[in-house]
Each structure stands twice: as C-alpha cells, then as structure tokens.
Amino acid sequence: MEFNFTTPVNAFGYDFVERVASIPGYETAFTDSTFVVSVYNGTTKLTEYTFTPANDVASFFGVSSSQNFDKVIIQETVGSIDDELYGKLYIKRNAGVL
C-alpha cells in the first residue's frame with residue numbers, strides 16, 4: 001500500500017491484526033508475515049522499518065519524525081494476502097511537535 005499526503009505530516013500509524021484463523025470460505029495456508037514500512041520526503045527515503053506482527057493480537061504500528069514526510073509505503077515482503085486486517089489510519093501534521 002502507498003499513502004501520499006498532499007500536506008506533509010510528521011507522524012503516521014495504523015491499527016493492525018494478523019489473523020491465524022482463516023475466514024470461513026476463504027481458507028488459505030497461513031504464513032507469518034513480515035512487513036517493510038518506508039517513509040519518504042518526495043523521492044528521498046528518510047527511513048525504513050521492518051516488523052513481524054504478533055498473531056491474533058490487535059496491534060498498532062506508527063512512525064514519527066521531527067522531519068516532515070509526504071509518503072509511506074507498506075510492503076509485505078514475507079507472506080501473502082491471508083487475513084491481514086487494517087483498521088484506523090492516523091496522521092499528525094504539527095511540524096516540530098511530536
């Protein structure tokens with residue numbers, strides 16, 4: 001997923017669950033996922049985070065920076081589309097205040 005912000009932000013986060021149990025009718029083999037979250041200012045990558053979420057636990061993943069950014073890319077590098085659930089997305093636009 002790619003999120004582009006028309007006005008730069010200095011914090012971004014989201015609620016997330018990686019389910020182990022498949023949704024009935026959509027059974028697939030489960031694979032523990034690994035995600036890479038990349039943060040950009042224009043075409044310049046500012047930082048990158050890798051995480052493997054806990055299974056069947058509501059989680060929050062977020063990044064904040066004293067430097068504004070305008071793009072976040074979330075890539076699943078290990079695993080497949082097997083019941084990851086995204087919830088609310090959060091942003092903060094108060095530059096210089098974390």
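So, the largest nonpolar core: it has 15 residues, a nonpolar core being a set of buried Ala, Val, Leu, Ile, Met, Phe, Trp, Tyr and Cys residues joined through side-chain atoms within 4.5 Å. Buried here is under 20% relative accessible area, exposed is over 50%, and partly exposed is in between, with a 1.4 Å probe and protein chains only. The residues with the most contacts inside this core are Phe 5, Phe 12, Tyr 14, Val 37, Phe 69, Val 72 and Ile 74. Strands E1 (2–18), E2 (34–41) and E4 (59–78) each supply at least two of the core residues, and the largest share, six residues, comes from E1. Strands, by the way, are DSSP runs of E, at least two residues long, numbered from the N terminus.

Before I go on, this is a predicted model, where local features need pLDDT of at least 70, side-chain atom pairs count only at pLDDT 80 or more, and totals for chains, interfaces and linings use all residues. Residues are numbered from 1 along each chain as its sequence is written, and side-chain values use heavy atoms, with hydrogens and water left out.

Okay, two phenylalanines. Contact means heavy atoms within 4.5 Å. Setting aside neighbours within four places in sequence, Phe 5 touches Phe 12, Phe 69, Asp 70, Lys 71, Val 72 and Ile 91. Then there's Phe 35, over in strand E2. Phe 35 is buried, at 2% relative accessible area. With the same four-place neighbours left out, its contacts include Phe 16, Tyr 49, Phe 51, Pro 53, Ile 74 and Tyr 86. Thr 77 is another contact of Phe 35; the two are 42 residues apart in sequence, yet 5.6 Å apart C-alpha to C-alpha.

Now the sheet. It's open, five strands, in the order E3-E2-E4-E1-E5, with antiparallel pairing; two strands pair if DSSP finds at least two bridges between them. E3 (44–51) and E5 (84–92) are at the edges with a single partner strand each, so one side of each has no neighbour in the sheet. E1 and E5 pair antiparallel over seven bridges, and Glu 18 sits opposite Glu 84 in E5.

Last thing: how many salt bridges are there? The count is one, taking a side-chain nitrogen of Lys or Arg within 4 Å of a carboxyl oxygen of Asp or Glu. Lys 45 pairs with Glu 48, with the closest N and O atoms 2.7 Å apart. Lys 45 is partly exposed at 41% relative accessibility, and Glu 48 is partly exposed at 41% too.

Note on methods. Helices (H or I, at least four residues) and strands (E, at least two) are DSSP runs, numbered from the N terminus.
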